[in-house]
Amino acid sequence: MGLSNTDRKLRIRRRIRKISSGTETRPRLSVFRSNKEIYAQLIDDVNGKTLVSASSRDKGIDAKGTKTEVANAVGKAVAEKAKKAGIETVAFDRGGNLYHGRVKSLAEGAREAGLKF
């Protein structure tokens with residue numbers, strides 16, 4: 001019997017986290033995707049602090065359109081907040097999700113707004 005989807009996702013998430021960790025100068029862009037919403041945060045793992053965050057539930061983000069379009073807007077929002085905080089480059093952490101669909105759209109939105117990863 002194989003792994004369930006949640007077990008598989010957890011295994012991938014742990015594998016990613018072994019490799020990638022964020023610092024103050026190059027934080028980790030962590031993505032969490034639920035069925036309805038999408039969340040992104042820039043994390044400094046050395047000090048254990050969230051530097052910047054954005055989600056589809058924030059007031060400034062227009063939640064109209066498809067989930068993929070909303071994810072793109074969240075990516076742009078987190079990138080703009082990062083620019084204000086003086087952050088240029090990040091390490092991308094897809095959180096066990098496939099780099100496809102909403103996760104990919106968020107990453108592309110962040111790149112369009114000027115984040116490098």
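The paragraphs below lead through a predicted model, from a charged surface patch to the aromatic pairs and then to a buried glycine in a loop.

Along the N-terminal part of the numbering, helix α1 spans residues 5–19, and R11 lies within this helix. R11 is also one of the residues of a positive surface patch, which R11 forms together with R8, R14, R15 and K18.

Turning to the aromatic side chains, the structure holds three aromatic pairs. In one of them, F32 and Y39 are tilted with respect to each other, with 5.9 Å from centre to centre and 40° between the planes. F32 has a relative accessibility of 40% and therefore counts as partly exposed, since that class covers the values between under 20%, which is buried, and over 50%, which is exposed. Y39, at 29% relative accessibility, likewise counts as partly exposed.

Another pair is made by F92 and Y99, whose arrangement is edge-to-face, with the centres 6.0 Å apart and the planes at 90°. This pair belongs to an aromatic cluster in which F92 and Y99 are joined by F117. Y99 has a relative accessible area of 35%, so Y99 is partly exposed.

The loop between α1 and β1, the latter comprising residues 28–33, contains G22. Is G22 buried or exposed? With a relative accessible area of 0%, G22 is buried, because the cut-off for a buried residue is under 20%. As for its relation to a distant part of the sequence, G22 and D93 are 71 residues apart along the chain, while their C-alpha atoms are separated by 9.7 Å.

How values were computed
Residues are numbered from 1 along each chain as its sequence is written. This is a predicted model: local features need pLDDT of at least 70, side-chain atom pairs count only at pLDDT 80 or more; totals for chains, interfaces and linings use all residues. Side-chain values use heavy atoms; hydrogens and water are left out. Patches are made of residues with over 30% relative accessible area and no salt bridge: like charges are joined within 9 Å, nonpolar side chains (Val, Leu, Ile, Met, Phe, Trp, Tyr) within 5 Å. Accessible areas come from the Shrake-Rupley method with a 1.4 Å probe; for residues, only the protein chains shown count as cover. A salt bridge is a side-chain nitrogen of Lys or Arg within 4 Å of a carboxyl oxygen of Asp or Glu. Lys and Arg count as positive and Asp and Glu as negative; His and the chain ends are not counted. The place of a charge is taken as NZ of Lys, CZ of Arg, CG of Asp or CD of Glu. Helices (H or I, at least four residues) and strands (E, at least two) are DSSP runs, numbered from the N terminus. Rings of Phe, Tyr and Trp (its six-membered ring) pair if their centres lie within 6.5 Å; planes under 30 degrees apart count as stacked, over 60 as edge-to-face and the rest as tilted. Buried means under 20% relative accessible area, exposed over 50%, partly exposed in between (1.4 Å probe, protein chains only).
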